[in-house]
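Me: I should like to learn how strand pairing and salt bridges are read from a model. Please take me through the features one at a time.

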Amino acid sequence: MFAPPEVTHTAMKKLLVLIGVAAAACSRGSSNSTTLSARLGAPNGQSLPSDGGTAQVANGIELTRVRIAVRRLRVERKDSTFEVKLSEGPLLVDVSGEALSGALLQLVTANVPAGTYDKLKLDIHKVESAPAGAFDDLVSRSSSVLLEGTIDGIPFTFASALEAELEHEGRFELGATPTNITLDLDATKWFQGADGSRLDPRDAANRAAIDDNIRASFRAFEDDDEDGADDEAEHADGGHHDGGDDDDPGDDDGKDGG
């Protein structure tokens with residue numbers, strides 16, 4: 001027996017309502033996505049001098065590849081009563097080739113409840129086991145940091161088991177719309193001594209100082225347009241910005257990671 005026309009019509013209306021609810025739910029799910037990206041750069045958001053797959057980070061020192069393992073990514077509100085996990089990791093910051101000129105590398109995307117967050121927290125930790133592939137070299141060296149390059153034209157590899165818990169204070173308006181946090185690494189600090197002298201990465205006596213410099217080189221800021229510049233500083237400057245890798249030293253002064 002066929003259903004009466006009015007029953008068929010009612011069922012169709014219910015189906016359309018369910019479809020609408022499902023579409024709205026999907027829309028809400030996508031609106032609160034937050035991406036964490038990383039970039040290798042110089043002070044004030046500028047790019048490293050790069051050419052042919054190398055980037056100059058100090059007098060006579062060039063990098064060809066940078067790998068750093070990070071894990072336990074969190075965003076937290078200032079009162080420390082609410083924390084959101086972005087990823088347990090390990091995630092790999094792997095910079096080489098054209099990315100040495102300051103390109104953003106997406107590490108992870110996660111859903112974050114809408115709100116204002118005050119801290120980004122992360123760990124640098126050596127990789128002891130991980131899926132085969134990108135982490136193989138770090139696993140074989142039981143390292144968290146692996147830097148490759150040349151010093152005065154001579155190849156070097158700097159491997160470190162650096163372990164650090166880092167917190168970056170700032171203002172992150174997340175969740176209302178798709179957002180991005182950029183993790184910026186100032187590589188020009190890595191091989192510079194406290195007195196301004198150059199630190200030779202081949203000298204074991206410099207290892208602790210280089211580790212400290214790497215630890216201190218991280219900072220984070222909200223960068224929703226993914227141009228490599230701090231959104232808060234751009235807004236304070238009237239919204240003007242010529243591009244993610246320009247030479248305007250004012251673009252990234254609004255917030256310093258801690």
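Reply: Let us begin with β9 and its pairing to strand β10 (residues 154-160) in this predicted model. The two strands run antiparallel and are joined by seven bridges. One of the facing pairs is Val145 with Ser160 in β10.

Me: How many residues lie between β9 and β10, and which residue in the turn has a positive phi?

Reply: Two residues separate the strands of this hairpin, and Asp152 in the turn has a positive phi of about 55°.

Me: Which strand other than β10 is joined to β9 by bridges, and in which direction do the two run?

Reply: Strand β4 (residues 61-76) is joined to β9 by seven bridges, and the two run antiparallel. Here Glu62 faces Thr150 of β9.

Me: Is strand β9 mostly covered or mostly open?

Reply: The general idea comes first: in a regular strand the side chains alternate between the two faces of the sheet. As for strand β9 (residues 145-151), five of its seven residues are buried, and the strand is mostly covered. Glu148 can be judged by its own value: at 24% relative accessibility, Glu148 counts as partly exposed, because buried requires a value under 20%.

Me: What does the side chain of Glu148 meet in a salt bridge?

Reply: The general idea is a distance test: a side-chain nitrogen of Lys or Arg must lie within 4 Å of a carboxyl oxygen of Asp or Glu. Glu148 and Arg67 satisfy it at 2.5 Å, N to O. Since Glu148 belongs to strand β9 and Arg67 to strand β4, this pair ties together parts that are 81 residues apart in sequence.

Me: With which aspartate does Arg67 form a salt bridge, and where does that residue lie?

Reply: Arg67 also meets Asp137, at 2.8 Å from N to O. Asp137 is in helix α2 (residues 136-141) and Arg67 in strand β4, a link between distant parts of the chain, 70 residues apart.

Me: Are Arg67 and Asp137 buried or exposed?

Reply: Arg67 has 3% relative accessibility and therefore counts as buried. Asp137, at 35%, counts as partly exposed.

Me: How many salt bridges are counted, and which residues are linked in a network?

Reply: The count comes to 17 salt bridges. A network of them links Arg74, Glu76, Glu83, Glu88, Lys119, Lys121 and Glu167. Within it, the side chains of Glu83 and Lys121 meet at 3.3 Å, N to O. Glu83 lies in strand β5 (residues 83-87) and Lys121 in strand β8 (residues 115-124), so this pair ties together parts that are 38 residues apart in sequence. Glu83, with 40% relative accessibility, counts as partly exposed.

Me: In what order do the strands of the open sheet stand, and why is one side of each edge strand without a neighbour?

Reply: The open sheet has four strands in the order β7-β1-β12-β13, with mixed pairing. β7 (105-111) and β13 (218-222) are at the edges and each has a single partner strand, so one side of each lacks a neighbour in the sheet. On average, neighbouring strands of this sheet are turned by 20° against each other, direction ignored.

Me: How is β7 joined to strand β1?

Reply: Six bridges join β7 to strand β1 (residues 33-41), and the two run antiparallel. Leu105 in β7 is the bridge partner of Ala38.

Conventions. Residues are numbered from 1 along each chain as its sequence is written. This is a predicted model: local features need pLDDT of at least 70, side-chain atom pairs count only at pLDDT 80 or more; totals for chains, interfaces and linings use all residues. Side-chain values use heavy atoms; hydrogens and water are left out. Buried means under 20% relative accessible area, exposed over 50%, partly exposed in between (1.4 Å probe, protein chains only). Two strands pair if DSSP finds at least two bridges between them. Axes are lines fitted to C-alpha atoms, for helices over the stretch in contact, and angles run from 0 to 180 degrees between N-to-C directions.
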